[in-house]
Amino acid sequence: MKIGNRDFATTGHTYVMGILNITPDSFSDGGAYHTVDEALYRVEQMISEGMDVLDIGGESTRPGYTQVSDEEEIERVIPVVEKVKSRFDIAISLDTYKSKVASAGITAGADMINDIWGLKYDPRMAGVIAQAKTACCLMHNRKEAVYENYMGEVLRDLGETIDIAHEAGISDDRIILDPGVGFGKSYEQNLEVIDRLESLHSLGYPVLLGASRKSVVGLTLDLPVQQRLEGTIVTTVYAVQKGAMFVRVHDVKENVRAIRMTEAIRDGYRM
């Protein structure tokens, strides 16, 4: 799969997507990057730690978040996208579910769109992605965590997302799927979708797991956001074992090391 100017293997290795939230209220690092210079420093740090793709977000999507306007989100993220693109050789993902923001981001240099609503929030989003021929990560999400056949319905919902993508003209080699840990799921359902992550491969697309510092870790270990590193690393090891293409994380260095060790145990002695 091509993201930006880099080719990524869809199997055999798990890559790291580093999180950069340009927001005052994100659950983990809201307000940490007030200026473009602060954001660029963090990007440089994550690149040195082994980040493969940078994911920039301009609106917090934590539980109970307050939606911001398209214009405000664009004002937050576009200067950062432009500066990162001009200064660093790194693929950029833009975390947005709004087509206007996505279009502006792609024009500014974003190589991928990360849509937490799996093309189901904004009916124009799929067309924007298709026209630009960018990669996309399409996440499972629901307004309420109500299911009769949980994993079956997760797969069905993602199948609907894939249908939307196909109808718009998004090619299969541009699609990554995300099970949506922390979105439209109970605590127990979050645990289950991580444990059964390999089920998503039945849909025929590479998978991204985003569980970094999330409530499923905090509730399990009874820990605040800034103390969830070890729990996050466990989810990363699971992602490697389940064949995920990407993990999306806050702590790049530690998760890169965990991936290297896990893959060495899995593959190293066979080389």
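**Close-up 1. Thr 236, a buried residue in a predicted model.** In this predicted model, Thr 236 comes out buried, with a relative accessible area of just 1%. Its place is in helix α8. Leaving aside residues up to four places away in sequence, Thr 236 touches Val 247, Val 249, Asn 255 and Ile 259.

**Close-up 2. Helix α8 against helix α9.** Two packed helices are described by the angle between their axes and the distance between the axes. Here, the axes of α8 (residues 229-241) and α9 (residues 252-267) come within 9 Å and cross at roughly 40 degrees. That angle is why α8 counts as oblique to α9. As for handedness, α8 passes α9 in a right-handed crossing.

**Close-up 3. Who touches whom between α8 and α9.** On the α8 side, the contact is made by Leu 229, Thr 232, Ile 233, Thr 236, Val 237, Val 240 and Gln 241. Facing them from α9 are Glu 254, Asn 255, Ala 258, Ile 259, Thr 262, Glu 263 and Arg 266. Sort the contact of α8 with α9 by class and you get six nonpolar, five polar and three charged residues.

**Close-up 4. Cys 136 and Cys 137, with no disulfide.** How many disulfides does a search of the whole structure find? Zero. The closest cysteine sulfur to that of Cys 136 is in Cys 137, 7.9 Å away, so the two are too far apart for a bond; a disulfide would need the sulfur atoms within 2.5 Å. Looking from the other end, Cys 137 is in no disulfide either, and its nearest cysteine sulfur is that of Cys 136. Cys 136 counts as buried at 0% relative accessibility, and Cys 137 is buried at 0% too.

Technical notes. Residues numbered from 1 in each chain as written. Predicted model: local features only at pLDDT ≥ 70, side-chain atom pairs only at ≥ 80, totals over all residues. Heavy atoms only, no water. Axes fitted to C-alpha atoms, helices over the stretch in contact; angles between N-to-C directions. Helix = DSSP H or I, 4+ residues; strand = E, 2+ residues; numbered from the N terminus. Parallel < 35°, antiparallel > 145°, perpendicular 65-115°, else oblique. Left-handed = near helix turned anticlockwise from the far one by under 90°. Contact = heavy atoms within 4.5 Å. Nonpolar A, V, L, I, M, F, W, Y, C, P; charged D, E, K, R; others polar. Buried < 20%, exposed > 50% of the residue type's maximum accessible area, 1.4 Å probe, protein only.
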